[in-house]
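Colleague: I have not looked at this model before. Could you take me through how to read it?

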There are 2 protein chains.
Amino acid sequence: MAARIALDVMGGDQAPDATLRGALFACAADNPRRLAPERVLLVGDEAVIRSKLAELGCTHSFPIQHASQVIGMAEDPATSLRSKRDSSIMVCVGAVKKGAASGIVSMGNTGAVVGASTLGLGTLEGVRRPAISVTLNMTGKPVTILDMGANREAKPQDLVQFASMGAVYMRDCLGVESPRVGLLNIGSEPTKGTDLLKETYPLLEAQKERLNFIGNVEPNDLFHGEVDVVVTDGFTGNIVLKLMEGFSAFMLQAMLKELAAHQAAWAKEALGNLRKRVDYAEYGGALLLGLNGVVIKGHGRSDATAVANALAVAARTVDSGINQHIIEGLRAPVA
Amino acid sequence: MAARIALDVMGGDQAPDATLRGALFACAADNPRRLAPERVLLVGDEAVIRSKLAELGCTHSFPIQHASQVIGMAEDPATSLRSKRDSSIMVCVGAVKKGAASGIVSMGNTGAVVGASTLGLGTLEGVRRPAISVTLNMTGKPVTILDMGANREAKPQDLVQFASMGAVYMRDCLGVESPRVGLLNIGSEPTKGTDLLKETYPLLEAQKERLNFIGNVEPNDLFHGEVDVVVTDGFTGNIVLKLMEGFSAFMLQAMLKELAAHQAAWAKEALGNLRKRVDYAEYGGALLLGLNGVVIKGHGRSDATAVANALAVAARTVDSGINQHIIEGLRAPVA
């Protein structure tokens with residue numbers, strides 16, 4: 001049987017409606033990336049799941065794993081992970097630990113998803129710290145950025161590992177041969193930026209045979225398709241992610257306002273197209289790389305389409321054997 | 001006589017054409033923020049300036065200060081500042097030192113402008129480090145962010161001073177009473193973010209009587225009009241600035257493409273309006289706060305309108321007496 005993906009049915013602003021609809025979309029006959037229903041393990045309150053599935057007219061027989069608790073979007077991750085051992089995200093992690101699933105998709109509390117996955121699954125052999133990896137596909141060419149916030153601070157060796165993991169992901173899951181790796185900085189010269197970046201640059205340079213390191217990249221390089229993997233620390237990455245989310249929402253709203261006077265339906269459609277291009281949730285959400293398992297964290301506000309996309313990405317990622325390749329990549333001597 | 005602004009005529013991608021046209025716009029009779037021509041000191045190659053002014057049909061008698069050298073946009077700042085003592089930016093700084101001008105506007109090499117100003121003018125009494133301050137006015141309510149890149153790294157005390165300087169700027173120059181100050185972070189809790197931020201939070205909190213500190217703000221708060229001054233270190237600020245520049249250019253271009261099929265002239269106009277709102281150069285460029293003088297660094301690609309705006313902002317800033325207020329603000333005991 002193909003590997004299973006555990007879906008945290010209770011996580012997210014629109015859960016369980018969006019998550020269960022998402023599971024149905026993921027398995028719909030007309031979905032080109034259709035998953036077999038037995039590959040999607042629904043984790044959450046069993047009674048709620050069964051009644052909601054009946055309401056949605058579901059004819060599939062999804063596997064279900066009961067979880068009696070839920071960690072809310074605004075709860076403190078550390079506290080809630082300690083007190084809610086039977087929360088849906090913890091049960092998802094347990095399913096992977098027991099081998100009942102190989103991947104997790106959650107739209108829930110980010111801190112809780114990262115914390116539960118990291119503590120529960122443990123890092124892959126040789127991996128110092130996991131990283132949140134986000135793939136943007138705005139220009140038509142995907143760009144993967146990591147770490148987007150799994151860690152608050154990083155050491156040069158962490159950034160080198162992020163580069164290696166990100167490159168494996170691009171190759172394994174997005175089919176990019178010899179992905180170009182850039183270090184996010186405020187200028188292109190090796191002497192630019194913080195001490196962390198100045199120390200990381202020569203380490204990446206020393207691995208040129210293994211990693212296609214193209215040097216420092218600046219934030220606007222994200223929009224020009226000339227880099228495939230962008231490496232940064234979790235603080236800077238999270239600032240980048242949240243700034244892009246806020247700014248794109250602002251820009252789209254401002255454009256709608258500018259265009260509203262003209263009542264043009266096609267203009268709204270054009271903006272809808274653009275919205276999809278700048279929303280990374282369209283491409284499955286954020287991937288937690290470096291753990292013994294595949295974990296995808298989607299937006300809390302994910303709708304059913306985003307959930308279905310995340311499930312498909314999780315399945316493809318598991319099937320690619322990425323984790324074995326990450327371990328092999330890191331076994332190569334680090335300068 | 002009102003204080004003079006030294007204009008680095010030779011700095012910028014479109015110099016001296018854009019800079020001199022900008023000086024003319026700034027002094028045009030129909031400009032609501034019209035400056036008297038004797039307030040604008042033109043600094044650069046005198047022969048070039050005179051011939052260009054004649055070509056533009058200029059009838060004003062601007063004061064002119066000759067400078068025999070130019071620092072190019074791509075030159076290394078440290079090297080060129082040492083070797084080009086008579087460069088236009090150095091002569092601008094010299095004019096302020098000698099009291100011939102009180103402010104500087106340059107669209108030239110950022111590193112050279114920051115370096116020449118900092119070394120030449122020195123910091124204000126009590127100021128540890130100058131900061132680049134950028135005011136965005138996207139939502140109709142201005143937000144000032146600093147440091148946008150004058151410093152590579154910062155200490156908690158620096159961030160506290162940036163908060164104080166930014167608040168004075170908002171009050172003095174933009175008329176915002178009791179500006180709300182936020183610390184840029186990846187979450188709202190005081191324990192979020194890097195060590196720098198965790199150490200800075202209580203210092204800002206301790207100054208609540210003097211500073212209207214509202215706590216941590218996240219990047220998307222820049223777009224909601226609920227904070228007036230956003231404080232960050234120069235690395236993060238520069239990432240934010242460059243990301244917004246790159247992202248807005250991408251979004252606008254993508255929109256144009258989406259709309260192109262419809263050949264709608266009004267749509268182009270609508271996007272042009274939006275472009276102005278997201279381009280901080282429309283509001284004068286970046287201000288270097290904390291120096292003995294007022295320094296404005298505009299985009300290298302500034303056109304004449306941006307130059308004229310920068311001159312008006314420089315004049316208004318000088319006239320506000322901001323520097324005296326910054327010094328007074330910092331004299332208050334720091335917790």
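**Reading the sheet, the domains and the core**

Modeller: Start with one pair of residues: A:V181 has A:V229, in β9(A), as its bridge partner. Keep in mind that this is a predicted model.

Colleague: In which sense do strand β7 and strand β9 of chain A pair, and over how many bridges?

Modeller: A pairing is read from its sense and its bridges. Here β7 (residues 180–184) and β9 (residues 229–231) of chain A run in the parallel sense, with three bridges between them.

Colleague: What is the order of the strands in the open sheet of chain A?

Modeller: Read across the sheet from one edge to the other. The 11 strands of chain A follow the order β3-β2-β1-β4-β11-β10-β5-β6-β9-β7-β8, and the pairing is mixed. At the edges are β3 (64–66) and β8 (212–217) of chain A, each paired on one side only. On average, neighbouring strands in this sheet are turned by 25° against each other, direction ignored.

Colleague: Which strands does helix α6 of chain A touch?

Modeller: Helix α6 (residues 156–174) of chain A packs on the sheet and touches β5, β6, β7, β9 and β10 of that chain. The direction of α6 makes about 165° with that of β9(A).

Colleague: How is chain A divided into domains?

Modeller: A domain may be built from separate stretches of sequence, as domain 1 shows: 1–125 + 290–312, while domain 2 covers 128–284. The C-alpha centres of these two domains of chain A are separated by 25 Å.

Colleague: Which residues have the most contacts inside the largest nonpolar core?

Modeller: They are A:L311 and B:L311, in a core of 224 residues. Among the residues that B:L311 touches are B:I5, B:L7, B:V40 and B:V105.

Definitions and conventions. Residues are numbered from 1 along each chain as its sequence is written. Chains are lettered from A and ligands numbered from 1 in the order in which they are written. This is a predicted model: local features need pLDDT of at least 70, side-chain atom pairs count only at pLDDT 80 or more; totals for chains, interfaces and linings use all residues. A nonpolar core is a set of buried Ala, Val, Leu, Ile, Met, Phe, Trp, Tyr and Cys residues joined through C-beta atoms within 7 Å. A residue is buried if 20 or more other C-beta atoms lie within 10 Å of its own, exposed if 12 or fewer, and partly exposed in between; C-beta atoms are placed from the backbone. Two residues are in contact if their C-beta atoms, placed from the backbone, lie within 7 Å. Domain bounds come from an automatic or database domain assignment. Two strands pair if DSSP finds at least two bridges between them. Helices (H or I, at least four residues) and strands (E, at least two) are DSSP runs, numbered from the N terminus. Axes are lines fitted to C-alpha atoms, for helices over the stretch in contact, and angles run from 0 to 180 degrees between N-to-C directions. Lists of a residue's contacts leave out its neighbours within four places in sequence.
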